[in-house]
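Here's a quick briefing to read with the model open beside you. It goes topic by topic, so feel free to jump around.

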Amino acid sequence: MARLLLIEDDLTIRLPLVRALTERGHAVAAAGTALDGVRLALDERPDLVVLDLGLPDLDGRETLRMVRAVSAVPVIVATARDDETEIVRVLDAGADDYLVKPFSAAQLDARVRAVLRRGAPAGDADATITVGELRIDPRARVVTLAGAPVELTPREFDLLHHLAGRAGEVVTKRDLLTEVWRIPYGGADKTVDVHISWLRRKLGENAAAPRYLHTVRGVGVRLSAP
């Protein structure tokens, strides 16, 4: 049984979803405003949040940033906005998946189970990863380099953690877009390039003189110790 938090202001959507998800075996808390939702995210410590973007008190992306500031809980965004640019912005802001309204409870339940499977601990998946002087703690979402903290955005952390989990391997942009951004490959590889550039800067290196992040032209990126 998963503990879910549904942040949705429309009662005609919220109540049937709470009922349907409960019938599917989940424990569901619900909020009708962004601020109530963030409070419940802190109090209830859910396994997953379903977040509507069209909330009455705050924009959904701002709500997502507030949730991300206090928790690494997976977030599925539920939105009536089907514009690709908006969807990419939401994913870049830290969402793990999205559903475009209208959708059925069965669709949402399937997405919930898929996201929770992706985030489920597997062996030592929550263990701190060390690559050279780089240490990544996935539980605390803390990164240090030679003992000094490295301040990363949620997306930068997810990207670095994914690469560290496959240290020494060349990870393709297709894999990164699918596994980190949860979007299909095609025309968005510049997103990977930009985030790799930001990561390099925060790790004190650059493309001309890489230490940890090595680009393999035409293939992908490899994280390895100097």
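Helix 3 (60-70), strand 8 (142-145) and helix 6 (154-165) each put at least two residues into the lining of the second largest pocket. Keep in mind that this is a predicted model. The pocket comes to about 230 Å³ in volume, and R141, E151, L152, T153 and F157 are the closest to its centre of the 14 residues that line it.

**The second largest pocket**

- By residue type, the lining splits into nine nonpolar, two polar and three charged residues.
- R141, one of the residues closest to the pocket centre, also turns up in the hairpin of strand 7 and strand 8, where its phi is positive, near 55°.
- Strand 8 and helix 6 both supply at least two lining residues, and each comes back below: strand 8 as part of an open sheet, helix 6 as part of the cover over helix 4.

**The four-stranded sheet**

- Four strands make up an open sheet, ordered 6-7-8-9, with antiparallel pairing.
- Strand 6 (129-131) and strand 9 (148-149) are the edge strands; each has a single partner, so one side of each has no neighbour in the sheet.
- Strand 6 and strand 7 run antiparallel and are joined by three bridges, with V131 finding its bridge partner in L134 of strand 7.
- The hairpin between strand 6 and strand 7 has two residues between the strands, and G132 there takes a positive phi near 60°.
- Strand 7 (residues 134-137) and strand 8 are joined by four bridges, again antiparallel.
- On strand 8, V143 is the bridge partner of I136, and L145 is the bridge partner of L134.
- L134 is thus worth a click: its bridge partners include V131 and, in strand 8, L145.
- The hairpin of strand 7 and strand 8 has four residues between the strands.
- Which side chains of strand 7 are buried, and which are not? L134 and I136 point to one face and are buried, whereas R135 and D137 point to the other face and are not.
- Between strand 8 and strand 9 there's a loop that holds A146. A146 isn't a glycine, yet its phi is positive, about 55°.
- A146 counts as exposed because its relative accessibility is 52%, and the cut-off for exposed is over 50%.

**Helix 4**

- Helix 4 (residues 84-92) buries E86, I87, V90 and L91. These four sit on the same side of helix 4, because they cover an arc of only 135° around the axis.
- What covers the buried residues of helix 4? The cover includes helix 3, strand 4 (75-79), strand 5 (97-100) and helix 6.
- After helix 4 comes G94, with a positive phi near 125°.

**Helix 2**

- The buried residues in helix 2 (34-44) are A34, G37, V38, L40 and A41. They share one side of helix 2, because their arc around the axis is only 160°.
- That buried set packs against strand 1 (3-7), strand 2 (27-31) and helix 3.
- The face of helix 2 turned away from the buried side carries L35 and D43, both exposed.
- R45 lies in the loop between helix 2 and strand 3 (48-52). It has a positive phi of about 45° despite not being a glycine.
- R45 is exposed or buried? With 63% relative accessibility, R45 counts as exposed.

**Loops worth a look**

- K101 and P102 are joined by a cis peptide bond, with omega about -5°.
- P102 is in the loop between strand 5 and helix 5 (105-119).
- A72 belongs to the loop between helix 3 and strand 4, and at 41% relative accessibility it counts as partly exposed.
- How far apart are A72 and P154 in sequence and in space? They are 82 residues apart in sequence, and their C-alpha atoms are 8.4 Å apart.

Conventions:
Residues numbered from 1 in each chain as written. Predicted model: local features only at pLDDT ≥ 70, side-chain atom pairs only at ≥ 80, totals over all residues. Heavy atoms only, no water. 1 Å grid on protein atoms, 1.4 Å probe; cavity = no way out; pocket = protein on both sides within 12 Å on 5 of 7 lines; lining within 4 Å. Points joined across faces, edges and corners; volume = space filled by probe spheres on them. Nonpolar A, V, L, I, M, F, W, Y, C, P; charged D, E, K, R; others polar. Buried < 20%, exposed > 50% of the residue type's maximum accessible area, 1.4 Å probe, protein only. Arc of directions from axis to C-beta. Contact = heavy atoms within 4.5 Å. Pairing = 2+ DSSP bridges.
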